[in-house]
Structures are given as structure tokens and as C-alpha cells.
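The following report describes a protein model with its ligand, moving from the sheet and a helix to the ligand site. Please keep the sequence and the structure in view while reading.

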Amino acid sequence: MAVFHMNECIRKTKQHIPLTADEIAALVRGITKEPLIPDYQLSAWLMAVCLNGLTDAETAALTMSMRDSGQTMHWEMLDGPVADKHSTGGVGDKTTLILAPIAAACGVYMPKMSGRGLGHTGGTIDKLESIPGFSTALDPAAFLKQVQEIGFAVAMQTGDLAPADKKLYALRDVTETVDSIPLICASIMSKKLATGADHILLDVKVGSGAFMKNDADASELARLMLAAAKADGRDCTAVLTDMDRPLGMCIGNALEVREAIEVLRGDTDNDLGALCLTLAAELLQMAGRGDAAACRRMAEQAVSSGAALERLRRMIEAQGGDPRVTEDLSRLPQPLCSRTVKAPQSGWISAMYSEQIGRASVLLGAGRMTKSDPIDPAAGIVLSVKPGDAVQQGDPLMTLYAAKESQLDEAESKLGGAVVLAETQPAPQPLIHETYRTGATA
Ligand code: URA
């Protein structure tokens with residue numbers, strides 16, 4: 001193979017000349033293996049990608065090389081379909097906590113590797129760790145045993161899985177190169193493919209609170225992710241879902257666990273319940289559990305019978321958490337102080353800027369400003385209204401929860417203009433914008 005020169009790769013990408021698969025493989029090797037490519041050269045290349053993009057072939061090669069940069073997982077020992085689900089990141093997004101127990105109750109295995117919150121978006125690991133005693137550090141044997149016995153487990157993604165992504169992501173975070181569609185595709189899909197599930201459901205968030213702000217970008221990301229899955233022989237569906245408003249009413253870790261439990265107790269007549277049942281039916285259909293109508297019924301029954309909640313209870317117990325939270329929500333961490341934000345005038349809620357609301361929840365303590373910041377599990381926001389609702393002046397818009405009054409002050413000042421009031425009722429926004437399946441990709 002020709003001698004590899006990183007500056008040659010930077011020059012080519014800068015001049016829109018595609019890299020070969022061998023060049024990309026060598027570049028990815030140099031991210032984690034000696035001789036290491038210096039951060040300044042990787043950063044220059046990332047910026048060139050961010051500005052000029054990559055071809056589909058380059059994106060696929062980058063994804064596969066990153067997948068192979070560490071351990072890959074295999075699930076032949078499981079005697080049923082194995083599925084995974086990934087959200088591209090949103091505000092109030094607790095779908096994994098609902099979807100995984102439903103899938104498990106319907107005979108679909110879900111070995112789930114998850115991450116912490118990123119910026120204004122929450123992470124499943126932080127949410128689960130708000131349950132007293134809960135641990136997401138499972139060794140491989142305990143992880144497998146739990147998946148075999150309960151149907152699902154949620155563990156913290158280890159450094160062995162796609163380590164090239166870990167390094168690149170840290171660089172992207174500090175070089176303003178996160179918002180590149182080919183880089184996001186390679187980052188997400190390298191980890192999903194390394195996790196080894198046959199069926200991958202992607203929840204591509206689109207709107208003010210998501211990385212993808214419009215449908216065109218979200219569709220392009222979905223197209224690239226489906227192409228990567230297909231090239232690796234996986235069954236993949238991408239659902240574009242609305243993030244122009246937070247999902248559900250709660251934002252913050254224990255608050256979101258509480259809301260997920262409420263849905264699993266049967267409170268599904270809301271946007272969160274509707275989305276979870278739709279995604280669950282899609283996942284069950286992918287896993288061969290029946291046609292669309294049968295899978296929808298199966299998902300609904302898993303909730304109405306209490307079978308899904310029981311799976312969540314067993315999973316919490318198996319991972320060291322207090323399973324009684326599923327019966328008694330007061331066992332979840334409780335905040336020390338609260339404040340209600342009121343409507344300054346009467347009108348219709350016409351928009352809610354979810355990124356701003358997510359950033360306010362970080363200021364309350366529900367997320368991190370820097371990587372080492374501790375999380376306050378009880379902190380967050382509970383919305384009283386959603387777009388389309390009518391309010392009178394002085395009606396509550398939301399309640400903020402934190403440990404200190406000063407955090408409430410800071411978050412409240414950040415929320416100015418986050419809820420937009422209009423004189424007329426806005427047209428309803430669909431929760432699902434589009435669904436793409438691998439079968440339909442070229
Ligand atoms: N989530 C990821 O894992 N990677 C990205 O690049 C963006 C969101």
C-alpha cells in the first residue's frame with residue numbers, strides 16, 4: 001500500500017478530491033494506533049469535511065473503518081430477534097426507557113449501549129442513573145445474562161466500542177465541526193454497527209431542539225445512515241420525528257424517568273405515548289413480529305397488560321436500582337426548590353424553542369456545562385402547556401426545579417422568548433415527518 005501522508009488527505013478534501021477507501025482506512029487507523037495523527041492535522045481535515053462534505057462512498061468507508069476501530073459485538077447466542085434503537089438527540093427524549101421494555105415484553109432482545117447527555121440534549125445513561133442505586137457499568141457477562149433473562153439491558157458505551165469516534169467526537173466538540181452530516185452519520189452508525197443488532201431503528205430528530213434543524217438535512221442524514229446499514233447487511237428504518245417542541249412534558253433526569261413510568265402505566269394519550277407506540281410497532285414489525293396492525297396491537301397490549309412496566313421493574317432491579325420507583329414515584333430524587341413561569345399575556349402557544357428550554361434545564365443542573373460537572377438528578381422543567389394550547393394571562397407555562405434559587409433565576413432569564421404566544425391558534429404540527437426503510441434505499 002502507498003505511504004500514507006495526512007497532509008495529502010487534508011489537501012484532497014480541501015480541493016473536493018475524494019479519498020480512496022484505503023486512504024480513509026489509514027486515516028482512521030492513525031486516530032487510535034501508532035503512529036498517531038496529530039490533533040492539529042485531524043482538526044484541519046475535520047474542518048475541510050465540515051465545509052466541503054464527503055461523497056457517499058467516502059462516508060460509507062469512514063463509517064466502516066470507524067466501526068472496525070475497536071470491539072464489535074455479536075449476538076448469535078440469543079434465540080430471538082435482536083434490535084437496537086438510536087435517537088440523534090433531543091429535549092425531553094425518554095423514548096428508550098419506554099421502547100426497550102415494550103420490545104422486551106414482545107420477545108425482541110435489546111442489548112442497548114447508551115451515552116450521557118450532550119450539550120442541551122439529554123442522555124439515557126444520566127436519566128437511568130437518577131434512579132437510586134442504578135448502575136450502567138455492566139461487565140460483558142452480566143450484560144449478556146440480563147439480556148437473556150429480561151430481554152434488555154442498558155449499559156454505558158465503553159471506550160472499546162468505535163474508539164476512533166470517541167477521539168474524533170472530542171475534537172469535533174471543540175473545533176466547531178459537530179454539525180457535519182457525513183461526520184454525524186459515521187459517528188452514529190459506526191457505534192450502531194459495532195453493537196451488532198440485526199434491526200436498527202433510528203429516531204432522527206428534526207427541529208429547533210435537534211442537530212438537524214430542517215427536514216432536508218434530516219432526510220439527507222437518514223439517507224446516509226440507511227445506506228451505511230444496508231452496506232453492512234443490516235435492516236434499518238429511520239423515522240424523522242418532530243423536535244420543534246420538547247417531547248412530552250418533562251425535561252430532566254428523574255422527571256423523565258417519572259414520565260416514562262407514567263406512560264408504561266398506561267398514560268399513552270399524549271405526544272410521548274403516541275410516538276413510543278408508533279416506534280415500538282415499527283421496531284416489532286422490523287423484527288418480524290407481524291404486520292403493522294398486529295405489531296401496533298402487540299405494543300399497546302404490552303403497555304395495557306403491565307408487561308412492559310414489569311420488564312422495566314426487573315431491569316432496574318437487575319442493574320442495582322430501587323425497583324419500587326415503578327410503583328412509588330416519590331422514591332425518585334426530589335428537588336429542593338421550584339418556581340412557576342407564567343404566561344405574560346393571553347393567547348395561543350404557537351412555538352416552543354426546545355433548544356433554549358434544553359439549555360435552561362442544563363442551567364438548573366439537569367445537564368453539564370463541562371464534561372466533569374455533576375448532574376442534579378432531580379433538576380429540570382415540567383411543562384404545563386404545549387404548542388396549540390390556549391392560555392390566559394398568569395396561567396402556568398412551566399415549572400422549574402433546582403437545588404438553589406440562583407439556578408432558578410439564571411434558568412428563568414434564559415427562557416425569555418422560549419414560549420411564543422400568538423393571537424390565533426397555530427396549525428397542528430405532525431409528530432412524524434417521514435419514515436425511510438432500507439428496503440426503499442438505492
Ligand atoms: N450523536 C453522536 O453519537 N454523534 C454525532 O456526531 C452526533 C450525535
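Two strands are said to pair if DSSP finds at least two bridges between them, and the strands themselves (E, at least two residues), like the helices (H or I, at least four residues), are DSSP runs numbered from the N terminus. This is a predicted model, in which local features need pLDDT of at least 70 and side-chain atom pairs count only at pLDDT 80 or more, whereas totals for chains, interfaces and linings use all residues. Residues are numbered from 1 along each chain as its sequence is written, and side-chain values use heavy atoms, with hydrogens and water left out.

**Domains and sheet**

The domain assignment, whose bounds come from an automatic or database source, divides the chain into domain 1 (6–53), domain 2 (83–328 + 432–437) and domain 3 (336–422). Between the C-alpha centres of domain 1 and domain 3 the distance is 42 Å.

An open sheet is formed by four strands in the order 6-9-11-7, with antiparallel pairing. Strand 6 (250–251) and strand 7 (337–342) are the edge strands, and because each has a single partner strand, one side of each is left without a neighbour in the sheet. Strand 7 is joined to strand 11 (residues 396–402) by six bridges, the two running antiparallel; V341 has M398 of strand 11 as its bridge partner.

**Helix 5**

Of the eleven residues of helix 5 (residues 95–105), ten are buried, so the helix is largely enclosed by the rest of the structure; buried here means under 20% relative accessible area, computed with a 1.4 Å probe and protein chains only. The buried residues include T95, L99, P101 and A104. Just after helix 5, G107 adopts a positive phi of about 85°.

**Ligand site**

The shell around the ligand, taken as residues with a heavy atom within 4 Å of it, consists of Y169, R172, I184, S187, I188, K191 and F211. Helix 8 (163–174) and helix 9 (181–195) each contribute at least two of the shell residues, and helix 9 provides the largest share, four residues. By residue class, the shell holds four nonpolar, one polar and two charged residues.

Three side chains have an N or O atom in polar contact with the ligand, that is, a pair of N or O atoms within 3.5 Å.

| Side chain | Ligand atom | Distance |
|---|---|---|
| R172 | oxygen | 3.0 Å |
| S187 | nitrogen | 2.6 Å |
| K191 | oxygen | 2.5 Å |

Taken alone, the ligand exposes 240 Å², of which the protein buries 91%, the accessible areas coming from the Shrake-Rupley method with a 1.4 Å probe.

Terms used:
A polar contact is a pair of N or O atoms within 3.5 Å; within protein, one must be able to donate a hydrogen and the other to accept it, and residues adjacent in sequence count only if both atoms are side-chain atoms. Ala, Val, Leu, Ile, Met, Phe, Trp, Tyr, Cys and Pro count as nonpolar, Asp, Glu, Lys and Arg as charged, and the others, Gly among them, as polar. Buried means under 20% relative accessible area, exposed over 50%, partly exposed in between (1.4 Å probe, protein chains only).
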